[in-house]
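The following questions ask why certain terms apply to parts of a structure. Each reply sets a value beside the rule for the term.

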Amino acid sequence: MPADQTRPDKTRLDPSALRRDAAQVLVSLPSEALALGEIFAAAGHELALVGGPVRDAFLGRSSTDLDFATSAHPEQTEALLAGWGDACWDIGRRFGTIGARRFAKGPGRGASGGGSGDDVVVEVTTYRSDVYDPESRKPVVAFGDTLEGDLSRRDFTVNAMAVRVPSLELVDPFDGLADLAAGVLRTPIAPERSFDDDPLRMMRGARFTAQLGMRLDPAARAATTAMAERIGIVSAERVRDELVRLVLSPQPRAGFEVLVGTGLAEHVLPELPALRLEIDEHHHHKDVYEHSLTVLDQAIALETGADGPVPGPDLVLRLAAIMHDIGKPKTRRLEPGGGVSFHHHEIVGAKLTRKRLTALHLDKQTVQDVSRLVELHLRFHGYGEGAWTDSAVRRYVTDAGPLLERLHRLTRADCTTRNRRKAMRLWASYDDLERRVEALRAQEELEAIRPDLDGKQIMEALGVPAGPVVGEAYRFLLDLRMERGPMDPDAARQALAAWWAARPS
């Protein structure tokens, strides 16, 4: 489901209006999906559209990625899908899930078509119930017999609605439509039992508040609070996937507030609730936790459209925003006179970020990028107090590398002062820095800064073979390039010769 799907507001919606919206979406379902229902029915099996696609139909949204539940077992499903689709694959046979794609047919397209935005992609899962062994990190799968029984194991009632195909009969045994209209996340069965069967559903509760603009009902929230530690039996990969979906949602702040408020964050992202105890160095009447949520909101507002340098939703920028101050608890010091300092919290925070994101099994590049932004987020501070040399600007750009546009936005978002004059001064300073970056970029190709002599030229100038000394000379010339800007090769050779002559043997 796309990350931008959210309720238009948090007011109660009209169920009759939802039904009208759903009817318009469902009657426009791809004919291939309805044909699939006829194929399953002819073979003596039930087939129903379930979960997110049904919920979104009531919100007036359609999708070509469709989730179905069936009474057929996986081997039967696979055989039927093979006859319906142009491609069929095993998504998770032991969980009862088989996938298939039917290519869109159009002018000039063959029977096998090819990938297209109009292709119909389906996942078909046998009716089932998932139950966790108390000591296991993976669910035990048992196939079920009825659609109603399958719906009872769904996470929330808004996802426990189904539409039988091809008849388009609505099946809503747990009043999911009423909960959708009210904006409430309620479990189909007792939340304690539901969360015990699959503790990841507690994470989904936080994610749906961020993604759909809904709220947990009191019973689900109380159960999450009481059972938060049980999330520890769920694999890091499944937790990671839910956390990423939350971060990429339209309102991630709401999701983080649920994680922290229920205690789930203590087991998933403990560095975040730890920030509630710290007062920031600007002595604002808020703690660093609230500051971090505000930075997240402001960073999201600075994301660009698809054609801009930081298209939203941007996972790296958002993670950096929420993590940028997590080094403060470990670096907090009380200063004479009652002040508080957090010296080098960006360095400590970068290490903590790397450790946490690695533990969550995020990919290596994301871990590196987020950690680097956390490390660099204070680099700008002090720019407005004293003019940076061109050398300092070059180093700023070079150190940021491909993360420069994200660093621009993170630094701007980190300004949460209520002092309007101070805020305007900070923004003006950053405007000035960006102008200087652009001016130097136009002159010097900043993103590709290299010494004025390459390794081969260094060896020729010094008469030395490849080895560590060439690396030392290279770093000297790079520092010189940062300080002075571009030099012609002869001037670079003279500077290199002077360095070589002064260098101890």
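Q: What makes G99 and E123 partners, and in which strand does E123 lie?
A: E123 lies in β5 and is the bridge partner of G99. Strand β4 (residues 97-102) and strand β5 (residues 120-126) run antiparallel and share six bridges. Two strands pair if DSSP finds at least two bridges between them, so six bridges meet the rule for β4 and β5. T97 also has a place in this ladder, standing opposite T125 in β5. Strands here are DSSP runs of E with at least two residues, helices are runs of H or I with at least four, and both are numbered from the N terminus.

Q: How do you know what kind of model this is, and which parts of it count?
A: This is a predicted model, in which local features need pLDDT of at least 70 and side-chain atom pairs count only at pLDDT 80 or more, while totals for chains, interfaces and linings use all residues. Residues are numbered from 1 along each chain as its sequence is written, and side-chain values use heavy atoms, with hydrogens and water left out.

Q: What joins β3 to β4, and in which sense do they run?
A: Five bridges join β3 to β4, and the two strands run antiparallel. One of the bridges links G92 with T97 of β4. The hairpin of β3 and β4 has four residues between the strands, and there G96 takes a positive phi near 85°.

Q: Which other strands does β2 pair with, and in what sense?
A: β2 pairs with strand β1 (residues 47-50) in the antiparallel sense over three bridges. In that pair, L47 has T70 of β2 as its bridge partner. β2 and β5 run parallel and are joined by six bridges, including the one between D65 and V121 of β5.

Q: Why are β3 and β9 said to stand at the edges?
A: The open sheet has seven strands in the order β3-β4-β5-β2-β1-β8-β9, and its pairing is mixed. β3 (87-92) and β9 (169-171) each have a single partner strand, so one side of each has no neighbour in the sheet. From one strand to the next, the twist averages 30°.

Q: Which helix packs on the sheet, and what strands does it touch?
A: Helix α4 (residues 74-84) packs on the sheet and touches β2 (65-70), β3, β4 and β5. The direction of α4 makes about 5° with that of β4.

Q: Why are α23 and α24 called oblique to each other?
A: Helix α23 (residues 468-484) and helix α24 (residues 489-502) pack at an angle of about 125°, with their axes 11 Å apart. The axes are lines fitted to C-alpha atoms, for helices over the stretch in contact, and angles run from 0 to 180 degrees between N-to-C directions. Angles under 35 degrees count as roughly parallel, over 145 as roughly antiparallel, 65 to 115 as roughly perpendicular and the rest as oblique. The angle of about 125° falls in none of the named ranges, so α23 and α24 are oblique.

Q: Which residues make the contact of α23 with α24?
A: V469, E472, A473, F476, L477 and L480 of α23 meet A492, A495, L496, W499 and W500 of α24, where contact means heavy atoms within 4.5 Å. Of these residues, 10 are nonpolar, none is polar and one is charged. Ala, Val, Leu, Ile, Met, Phe, Trp, Tyr, Cys and Pro count as nonpolar, Asp, Glu, Lys and Arg as charged, and the others, Gly among them, as polar.

Q: Is F342 buried or exposed, and how do you know?
A: F342 has a relative accessible area of 6%. Buried means under 20%, exposed over 50% and partly exposed in between (1.4 Å probe, protein chains only), so F342 is buried. F342 is found in the loop between β13 (340-341) and α17 (345-359).

Q: Why do H344 and H361 get the terms they do for accessibility?
A: H344, in the loop between β13 and α17, has 56% relative accessibility and so counts as exposed. H361, in the loop between α17 and α18 (364-376), has 39% and is therefore partly exposed.
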